[in-house]
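Thanks for sending this one over. Here are a few friendly notes on its salt bridges, to read alongside the coordinates.

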Amino acid sequence: MMERYFNISADCRPNVHYMADIQGRLSALKSMMERGEYITINRARQYGKTTLLKALGPYLGDDYAVLSLDFQKLSHKDFKTEELFVKALAREIMKKPVFQKEVPEDAAAGFGQLAAGTGENMGLADLFELFSIWCGESGRPVIFLVDEADSAANYEVFLDFLAMLRAGYIDRDESPAFQSVILAGVYDVKNLKRKIGGGERHRANSPWNIAADFLVDMSFSADEIAGMLKEYEKDCHTGMDVYGIAGMIYDYTSGYPFLVSCLCKLADERITGNAGSSPKRAWTREDILEAVRLMLSEQNTLFDSLIHKLEDYPELEVMLKDLLFRGKEILYVVGLRCVETALMFGFVKKEENRIVIANRIFETLLYNLFLASHDMCQNRLYDAALMEKNQFIRNGHLDMKLVLEKFIIHFDDLYGDRPQDFAEEDGRKYFLLYLRPIINGVGNYYIESQTRNMERTDVIVDYLGEQFIIELKIWRGNAYHERGEKQLADYLDYYHLKKGYMLSFNFNKNKQAGIKEIWFGNRLLIEAVV
């Protein structure tokens, strides 16, 4: 028997791959199908849609006949005309095992004629007539699944196809139709509005507005990640702290399926041992941090897709920079294009009607991407940190106090007399720009989401197993500063650290720049003022 492994390509299969338990999601889908609902599943790339649909057929067992198609198997040519589309669809249907077992002879002959192009008629009406015969004569309700349905969204014939699915749903009491239909993709075909044929004509009204959304959370919980790791432990017996490691993976990924599997794959195959090697040692906190570093230093299909979306939708970059660098609060508003686009592609998620970056991995990816842009790489702060980076590492330890001391000097030299060069909130951007070349390739950093706002941001830095908390804030007077000291001390308690750092950007002309150490209870705070 082949040893199971963590998979990040195509669908996951329980007998081959370590994977989270998706029985709850399958049960929710089955309940919707039993009610006869037509369903859309819209999630970002590599979010487990295909795995869910592939698992649905076996899960339904003998209760339903399942016809499952992938529209990515159809070529651009197949969508050019109705006849070509019908011919291609019939061809794909005839390849399916369910066709051989379930389709009555008269309907099977009709599908054969459509696929061969030998019938008198070659239209969608003929195809749906055969669907109706199949559904009427089948001994089991027929379920129709379409993966990557949105790959056809720009074609007129697909809109007509959706319209006929809708008509069949509405008339299902008069003429046999599919028990349930599921269309899965990134874009929501339920609210389709696309320009057709390169002209200016739009089809604004949805031809499939009868569909229900699949609202089940498809991200993995910490417990579901732990369940996957328990299966791994049954085979490998490493002795890892399953729940501790699962919680850490969740903290970095927020349960995004691809990111979870990718971190696990890196930890298993490249950090704690080679693929297939045995015995394997226990995963540690440092191993997961190294997996995060590796992931963020290499290309993968998900990152490539996200970066391309930033190029295709320039308004996304503006909104994401507002979230990341300014700490701007963005409320969810139905229909706001940049927000809906960011949600659709998985950059952000909703939390109590606010928009936040989806997970720490994406956050760091975006920070790295924006900070490494051409204009930023020409920045003199970045160059200064790059020139001096070796002095900040002493005996393998990062000297964060020295980082702050040097940052104050360089920042004051470059910008002390020219505050008009940047807005107040740009200060944190320049500190991250200074920090990045110092820890690049060895350490990780992320922003504590609960403290990101216009006035305050907590940066968490992990460097070779050591953790540093740096509170970045705009100076608002002594009282506000003292509250910040207490907040930082509370965070140090939470992270079980004795030392913390505070960097305040003071834009008053009579400010006193410099660095000092104070004790707050039993916590040492190193405070820097720029």
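1. A word on terms before the pairs: a residue is called buried when its relative accessible area is under 20%, exposed when over 50%, and partly exposed in between. Please keep in mind that this is a predicted model.

2. The salt-bridge count comes to 25. One of them pairs D63 with K30, with the closest N and O atoms 3.3 Å apart. D63 sits in the loop between α2 (49–60) and β4 (65–70), while K30 belongs to helix α1 (residues 23–34), so this contact ties together parts that are 33 residues apart in sequence. D63 is partly exposed, at 42% relative accessible area, whereas K30 is buried because its 18% falls under the 20% cut-off.

3. Is D322 buried or exposed? With a relative accessible area of 16%, D322 is buried, so it falls under the 20% limit. Its salt-bridge partner is K328, with 3.9 Å between the closest N and O atoms. K328 is partly exposed, with a relative accessible area of 35%.

4. Next, a pair within one helix: K486 and D490 both lie in α20 (residues 478–495), four residues apart, or about one turn of the helix. Their side chains form a salt bridge with an N to O distance of 3.1 Å. K486 is partly exposed at 46% relative accessibility, and D490 is partly exposed as well, at 39%.

5. Finally, a group to look at together: R4, E231, K234 and D235 are joined into one network by salt bridges that share partners.

Definitions and conventions
Residues are numbered from 1 along each chain as its sequence is written. This is a predicted model: local features need pLDDT of at least 70, side-chain atom pairs count only at pLDDT 80 or more; totals for chains, interfaces and linings use all residues. Side-chain values use heavy atoms; hydrogens and water are left out. A salt bridge is a side-chain nitrogen of Lys or Arg within 4 Å of a carboxyl oxygen of Asp or Glu. Helices (H or I, at least four residues) and strands (E, at least two) are DSSP runs, numbered from the N terminus. Buried means under 20% relative accessible area, exposed over 50%, partly exposed in between (1.4 Å probe, protein chains only).
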